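Me: I'd like to go through this model and ask what stands behind each label. Can you set the values against the cut-offs for me?

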Amino acid sequence: MSALALAAGLLGACASRPPAKPAAAATGHDATALTVIAEADLKRGDCRGASENYAKAAVAGDAQLARRATQVAMACEHLPAAWQAATRWRTLAPTDREANALYAAVALKLYRTADARAAINDFWRAEEQLDAASPAVAPGAPQTAPPPGVPTVPPPLPGRTRAQQRAAKSMGELTALLLEESDAPAVLTAMSGALEPTANSPETFILLGELALAAYDGQRAQGYAQRALQLDPKDLAALRVLARGYVMRGDAPQAVATARRAQASDATRGGFELAEILASLDRNEEAHQQLEHLRAGGAPQAEVDRRLALLAFNSGDMKEARQRFSELLSSGEGNEAAQLYLADIAARDGDPEGAIAAYRRLYDSSVALSARSRAAALLLDRNARTEALALLDDYAAEHPEDELDLTLAKARLLADHGEADAGLALLSSALERHPQHPSIEYDRAVILEQSGRVHESVETLEHMLHERPDDPTLQNALGYTLADHTLELAHAETLIRRALTVMPDNPAALDSLGWVQFRQGDAKGATATLAHAYSLGHDPEIAAHWGEALWMSGQQAEARRVWAAALAREPDSKPLKATIKRLIPDAH
């Protein structure tokens, strides 16, 4: 059901795929003809034409044709055609699980959360009906593991029915699909409305808790975790959600106490959880000691070493991080992610040649897109424009399913290197292929602001918000843009606070609130808000804002400390360095 796999199958092999059999898939001559045309469009790489012709064919076709039309339009990222086709499919097959899943995915991408909730509810109801007809799982029976990339959902407990076991897996897969297509707050809104009224298993509450964490709603995550723990007081996944909820809400003592409960239930897995909680609280030395304690207690050495390497990297200790990632690779326990970290470390240490060479070794790996994008940025720094863009273009030719992501990456890279007009031109062209796509429209607003065309950026965000009035990401983006340019500060604050009602612990939105407080002259209030935002996100731009609020409120020494710590983590941050240079012109 993965949208990524779907795209790869439809686009990557479309040149060699034989045309569908239109006569069996449609009920009328027009649908048959349109299906033939749509398949021809796919063969020659005209994704927009294929999407639109398939959507037209689906109007007069059967459920199988509507299914194919939905798949093609989703793979091609053509949202109007996908919505038309998915609506037709669900109308023809209202109890089809796949039809409801893909309808919900498209609805969420368009921020039609009520429509998505209805489809998820139908998907869930089908699972519950199967649940009522299935026998219980015998104690000790084998259980299917959840697929990779799905929010943590533990295996069902003995005594659960087979359908409940399958339902937990199915809902996890559905959640993964929805998160590929939309952001976590929208997915949580839709999923909770469908699942919560009849939820009665730890697995469901943990799934909702993981979603609440992803949506930056710590209090809600705590509530779901506590309901799961009422059903199973020692459930490690529930304790994990609860501990992270406490971190998000700024309650360090309860976060650590909850992690210690997990450790008491399972010395190894709970012990790793305690180390993660300590690290998330910036108690890095305690986290380091906990990991070494786990090593001494017989925990898997490779896992301990991997976590120590990440701890060093995230805390800004590049020397130790390099040593540990190198040792992982030398021992055969490292992977492509470790190689990517080593390339990033070379870039941070001012060795672009070494970094590009390291990225080059990953150009055809599982992290190829990240490696190529970062190498391209370094090449653009050296004015090697043709070589930089070729890195992305070559990959796009081999991986058409990633065409949109690569186009967005190219546009951002160009804008970041002083070519905003070229980036905007790329996005305009992308909108021709992917009409009304929110990611393209959003990036266009960002680059307009970045290039100094602030009023055009505001107009673009206002237009998007008119179409998606409850989207907290857009509310925050517009509010921050207004605040950053000292425009309509009262309106900016209203927008940001509306966003925070949906994602109350989102560090970007808290940063926006702190920044509008600062712009309104409340440096003291801004300082507290920005400190909390940085504790959640460790973003260097938040550190820049926090330090400036401290500086302007007379706490220059504390501002210097904040900036120094942030620079250790992100030494190349342009916003951070620009703020420091503006306030301390002689700083080096």
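Me: Why is Y534 called buried?
Reply: This is a predicted model, and in it Y534 has a relative accessible area of 7%. Buried means under 20%, so Y534 qualifies.

Me: And what makes W546 count as buried?
Reply: Its relative accessibility is 12%. That is under 20% too, so the label holds for W546.

Me: How many aromatic pairs does a search of the whole structure find?
Reply: There are six. One of them is formed by Y534 and W546.

Me: What makes Y534 and W546 an aromatic pair, and what kind is it?
Reply: Ring centres have to lie within 6.5 Å, and those of Y534 and W546 are 5.8 Å apart. For the kind, look at the planes: under 30 degrees would be stacked and over 60 edge-to-face. The angle here is 40°, so by the rule for the rest the pair is tilted.

Me: Which helices does that pair link?
Reply: Y534 is in helix α30 (residues 523-537) and W546 is in helix α31 (residues 540-552). The two residues are twelve apart in the chain. Elsewhere, ring pairs also join F313, F325 and Y341 into a cluster.

Me: A526 is in helix α30 as well. How do you know that A526 is buried?
Reply: Its relative accessible area is 0%. With the cut-off at under 20%, A526 is therefore buried.

Me: What is A526 in contact with, beyond its neighbours within four places in sequence?
Reply: G514, Q517, F518 and A549. The C-alpha atoms of A526 and H545 are separated by 8.9 Å, with their positions 19 residues apart along the chain.

Me: What makes R90 and Y103 a case of a charge over a ring?
Reply: The distance part is easy to check: the limit is within 6 Å of the ring centre, and the charged end of R90 is 4.6 Å from the centre of the Y103 ring.

Me: Why is R412 with D443 called a salt bridge?
Reply: The rule asks for a side-chain nitrogen within 4 Å of a carboxyl oxygen. The closest N and O atoms of R412 and D443 are 2.8 Å apart, so by that rule the pair is in. R412 lies in helix α23 and D443 in helix α25 (residues 438-450), so the bridge ties together parts that are 31 residues apart in sequence.

Me: Are the two partners buried or exposed?
Reply: They get separate labels. R412 has 40% relative accessibility and counts as partly exposed, because that class sits between 20% and 50%. D443 is at 8% and is buried.

Me: T407 also lies in helix α23. What makes T407 buried?
Reply: Its relative accessible area is 9%, which is under the 20% cut-off. Not counting residues up to four places away in sequence, T407 touches L426, A430 and R433.

Me: How do you know that E292 and R295 form a salt bridge?
Reply: Their closest N and O atoms are 2.9 Å apart, and the limit is 4 Å. Both lie in helix α16 (residues 284-296), three residues apart, about one turn of the helix. E292 at 27% and R295 at 24% each count as partly exposed.

Me: Why is R44 called exposed, and what about D46?
Reply: Exposed means over 50%, and R44 comes in at 59%, so the label fits. D46, at 29%, is partly exposed. The side chains of R44 and D46 meet in a salt bridge at 4.0 Å, N to O.

Me: How do you know that S365 is buried? And which backbone atoms does its side chain meet?
Reply: S365 has 15% relative accessibility, so it counts as buried. S365 lies in the loop between α20 (352-360) and α21 (368-381). A polar atom of its side chain is 2.8 Å from the backbone oxygen of L362, and the side chain reaches the backbone nitrogen of V367 at 3.1 Å. Polar contacts run to 3.5 Å, so both distances fit that limit.

Terms used: Residues are numbered from 1 along each chain as its sequence is written. This is a predicted model: local features need pLDDT of at least 70, side-chain atom pairs count only at pLDDT 80 or more; totals for chains, interfaces and linings use all residues. Side-chain values use heavy atoms; hydrogens and water are left out. Helices (H or I, at least four residues) and strands (E, at least two) are DSSP runs, numbered from the N terminus. Buried means under 20% relative accessible area, exposed over 50%, partly exposed in between (1.4 Å probe, protein chains only). Contact means heavy atoms within 4.5 Å. A polar contact is a pair of N or O atoms within 3.5 Å; within protein, one must be able to donate a hydrogen and the other to accept it, and residues adjacent in sequence count only if both atoms are side-chain atoms. A charge sits over a ring if NZ of Lys or CZ of Arg is within 6 Å of the ring centre and within 35 degrees of the ring normal.
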